[in-house]
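Subject: Structure for your files

Hello,

Here is the structure you were waiting for, with notes on what turned up in it. Please have it open while you read.

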Amino acid sequence: MKLLDLYINGFGKFHGKSIEFQDGLNVVYGKNEAGKSTLHTFIRGMLFGIERGRGRVSKNDLYTKYEPWENSADYQGRLRLESGGHTYRIERKFSKNNKEVHVIDETLGKEISPDKAFYDQVLCGLTETTYNNTISIGQLKSATDSAMVSELKNYIANLNTSGSMALNITRAAAFLKKQKKDLENQIVPEAARNYTTLLGEIRSIEQEIAAPEFENQLSAYRARQKDVNEQLAKKREEREELIQKIAKGRQILNSNQFDGEESIRAYLQKAEKVYEEYKSAKSASEKKSRTVLSVICFLLAALSAALSAAVFSGLLSLPLPSLQIGGLLLVPAAVFLFLGIFLQMRGKRYQKELELSAGLIREIFARHLGDSSISDDAMNALSERMEEFIRLNAALEKSETSMREQQEEIQALQEQSESCSTGIENQQRLQWELEKKLERLSFCRDQVAALQRVIDENDRLRDEITAIDLALETMTEVSTSIRSSFGLLLNKTASDLIAGITGGTYSSMSVDENLNIFMNTRTKLVPIEQVSSGTMDQIYLALRLAVARLMQGEQEPLPLIFDDSFVQYDDERLRTALSWLSRTYDGQCIIFTCHKRELQILNEEKIPYHQISI
C-alpha cells in the first residue's frame with residue numbers, strides 16, 4: 001500500500017488543505033506547531049476513525065483536540081491510496097452526529113463497503129494498535145537513559161515472548177493474577193446461604209398468609225354492619241314512634257286521672273254507685289206519700305192538740321176527768337208531731353242526697369261526655385267511654401310490651417353492630433399484619449432476586465477465574481512456543497536490520513533465556529545497558545521495522561511513517577539510517593521533521609525524495 005494524496009476539509013488548524021505523496025521517500029518539513037502531528041493524526045484517523053471519549057475524558061481526547069478551529073461542521077476529509085493495483089478514495093466524516101465513511105474504488109468506478117475485509121486487505125491485517133507500534137514510528141520518548149533501557153528491554157522482551165510489541169506476557173500474567181484476586185474478592189460467599197435462608201422465610205410467610213384468618217372479610221363485616229345499623233335505625237325509629245304513641249295514650253289516661261285498668265274500673269264502679277245513689281235519692285225524693293203522710297201527721301198532731309186544749313179549757317165536756325183525757329190527747333199529738341217532723345226531715349235528707357249525687361254524676365258526665373245531662377243513656381255512654389279507656393290501656397300495655405321487645409331487639413342489634421366493629425377492627429389488624437407480611441415477603445423476594453443476581457455473578461466470576469487460570473496456563477504455553485519460534489525469527493530479522501542501520505557497528509542482537517539483551521560485536525557481547533541512547537533508538541527502529549516486515553510477510557510493503565523519529569540520532573547515525581532506508585526498504589516512507597538536517601543529508605547523499613513543506 002502507498003498513500004497518494006489527502007484533502008482536509010476541516011481538521012485541527014487545517015481547512016481546505018491538500019497534500020500529495022510520491023513513491024519512495026517523502027519528507028514533510030515544518031517548524032514546531034506547523035501541524036505535522038495534525039497531519040500524522042489525520043492519516044491515522046482516515047484509516048481507523050476517531051472515537052469521542054465519554055465524560056471528563058472527552059475534554060482532552062483526540063476528537064476534541066483536533067476539532068476544526070473554524071466551522072466544526074466541516075470535521076472531515078479524504079485520503080487516496082493505492083493497494084493491490086487499485087486506487088481507493090476514503091471519504092470520512094468525524095462529527096459526533098455524522099460519522100459517515102465511504103470507500104470508492106476509482107479503478108473500478110464503484111463504491112465498496114468499508115468493512116474489515118477492505119481494511120485487512122490494504123493494511124495487511126494491522127489493527128490501530130499494531131499500526132501505532134509498527135509502521136507508525138516515533139522516537140523513544142523516555143527522559144533518562146535508564147528509563148530508555150527499561151522501555152527498550154520491555155519492548156524486546158514482549159516481542160520475544162509474545163510476538164507483539166503491545167503485549168507484555170509477564171505484565172499480562174501479573175495483570176491476570178491481579179484480576180483473579182480482584183474477582184475472588186468480589187465473590188460473596190454468604191450469598192448462597194442467605195439465599196437459602198430467605199427462601200425458607202418466603203415459604204413460611206406464604207404459608208402464614210394462606211391461613212383462613214388472613215382471608216379478607218373486611219368488606220363482608222362492613223356490609224353486615226351496614227345492614228345491622230340500618231335495622232337498628234329502623235327499630236329505633238319504630239320504637240320512637242311507639243314511645244310517642246304510648247306517651248300520647250298515657251297522657252290521655254293521666255288527663256282523666258287513670259293509671260291503669262283497675263283505676264278505670266274503680267272509677268266506673270264509683271260512677272255506677274253514684275248514679276245508683278242518684279236514682280235511689282231521686283226515687284225517694286219523688287215519693288208524694290211521705291209529704292202527704294207528714295201533712296196528715298201534722299194535722300193529726302194539731303187535731304190532738306186542739307182536742308186536748310178543748311178538754312183542758314172545758315169547752316168539751318167528757319165523762320172522764322178532763323185532765324186525764326186532755327193528757328191522753330197530748331200523747332198522740334206529740335207522736336203525730338214527731339212523726340210529721342221525722343217524715344219531713346227524711347224528705348229533706350233525700351233531697352240533699354239527690355242534690356249531692358246529682359252534682360257528682362253531672363260532674364262525671366260533663367268530664368267524660370261533655371254533657372252533664374243525667375240519663376241512663378249517659379250512663380251507658382260513660383260505660384262505653386270507660387271501656388274505650390280500658391281498651392286504650394290494654395293497647396298501651398301491649399305497646400309497652402312491644403316496646404320492651406323492641407328494646408331487646410335494639411340491644412341485640414347494638415351487640416351485633418359492636419361485634420361487627422370488633423370484627424372490623426380485628427380484620428383491619430389482620431390486614432395490617434398481612435400488609436406487613438406482604439411487605440416482608442416482597443422485601444425477601446427482592447432480596448432473593450438480588451441474591452440470585454449475586455449468585456449468578458458469583459458463578460460468572462468463578463467462570464472468569466477459571467478462564468483466567470486457563471489463560472495463564474495458555475499464555476505460559478504460548479510464550480514458550482513463541483520464544484522458540486517467533487522470538488528466534490524476530491531476533492534473526494532484527495539482527496539483520498541492526499547490522500545495516502548501525503553501519504556494521506553491531507552485527508546482531510541476542511536475548512538469553514532470562515531475557516537479558518546483548519548487542520554483538522566481532523569481539524564481545526555488549527549488554528543493552530551499556531549502549532548510548534542513540535544506539536538504543538537505532539535498535540528500537542530496527543525492531544519495529546523487523547516486526548513490520550514479519551507481520552507483512554510476502555504482501556506489498558506498507559508505508560513507514562516516521563514522526564520525529566531521529567531526534568536522538570547524531571548526524572552520522574542519521575546519514576547511515578537514511579542511506580540504509582533508501583537502499584533496503586522498497587515501500588513508501590514518510591518522514592515528519594522539524595529539522596532541515598534530514599533534507600541536507602539527503603541532498604548530500606543524492607538520495608531522491610519528495611519534499612512537502614507546511
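How many bridges join strand β5 to strand β6, and do the two run parallel or antiparallel? Five bridges link β5 (residues 86–93) with β6 (residues 101–105), and the two strands are antiparallel. Within this pair, Arg92 has Val101 of β6 as its bridge partner.

Before the rest, a word on confidence. This is a predicted model, with a mean pLDDT of 81 for the protein. A pLDDT of 70 or more is reached by 81% of the residues. Over residues 141–149 the pLDDT is below 50, and beyond near neighbours in sequence this stretch has eleven contacts in the model. Residues 161–167 also stay under 50, and for them the model has 24 contacts beyond four places in sequence.

The sheet

The β5 and β6 strands belong to an open sheet of six strands, with the order β2-β1-β4-β5-β6-β7 and antiparallel pairing. β2 (14–20) and β7 (110–112) stand at the edges; each has a single partner strand, so one side of each lacks a neighbour in the sheet. From one strand to the next the twist averages 20 degrees. Strands of a sheet pair through backbone hydrogen bonds.

At the β7 edge, three bridges join β6 to β7, and these two strands run antiparallel. Val103 stands opposite Ile112 in β7. The hairpin of β6 and β7 has four residues between the strands, and Gly109 in this hairpin takes a positive phi near 70 degrees.

Helix α1 (residues 36–48) lies across β1 (2–11), β2, β4 (76–83) and β5. The helix runs at about 100 degrees to β1.

Positive phi outside glycine

Most residues other than glycine have a negative phi. Some residues here go the other way. Glu33, which is not a glycine, has a positive phi of about 70 degrees. Glu33 sits in the loop between β3 and α1, and with a relative accessible area of 72% the residue is exposed.

Cys124 also has a positive phi, near 55 degrees, and is a residue other than glycine. Its place is in the loop between α3 and α4 (128–133). Is Cys124 buried or exposed? Cys124 counts as buried, at 12% relative accessibility.

Lys606, just after α16, takes a positive phi of about 55 degrees.

Gln121 and its contacts

Gln121 is found in helix α3 (residues 116–122). The residue is partly exposed, its relative accessible area being 39%. Which residues does Gln121 contact, leaving aside its neighbours within four places in sequence? The contacts are Ser83, Tyr88 and Gln555. Ser83 is 38 residues away from Gln121 along the chain, and the C-alpha atoms of the two are separated by 8.0 Å.

Helix α16

In helix α16 (residues 597–604), the buried residues include Arg597 and Glu598. Leu599, Ile601 and Leu602 of this helix are buried too. What do the buried residues of α16 pack against? They pack against one helix, α15 (571–584), and against the strands β3 (25–29), β13 (589–593) and β14 (610–613).

Cavities

Rolling a probe the size of a water molecule over the atoms shows where empty space is left. The count comes to five cavities of 30 Å³ or more. The largest cavity has a volume of about 40 Å³. Its lining consists of Leu545, Arg549, Trp580, Leu581, Thr584 and Tyr585. α14 (533–552) and α15 each supply at least two residues of this lining. The largest share, three residues, comes from α15. Helix α15 therefore turns up twice in these notes: buried residues of α16 pack against α15, and α15 gives the largest share of the lining of the largest cavity.

Regards

Note on methods. Residues are numbered from 1 along each chain as its sequence is written. This is a predicted model: local features need pLDDT of at least 70, side-chain atom pairs count only at pLDDT 80 or more; totals for chains, interfaces and linings use all residues. Side-chain values use heavy atoms; hydrogens and water are left out. pLDDT is the predictor's confidence in each residue, from 0 to 100. Contact means heavy atoms within 4.5 Å. Two strands pair if DSSP finds at least two bridges between them. Axes are lines fitted to C-alpha atoms, for helices over the stretch in contact, and angles run from 0 to 180 degrees between N-to-C directions. Buried means under 20% relative accessible area, exposed over 50%, partly exposed in between (1.4 Å probe, protein chains only). On a 1 Å grid over the protein atoms alone, a cavity is a set of points where a 1.4 Å probe fits but cannot get out, and a pocket is an open set with protein on both sides within 12 Å along at least five of seven lines; lining residues have an atom within 4 Å of a point. Grid points are joined across faces, edges and corners, and a volume is the space filled by probe spheres set on the points.
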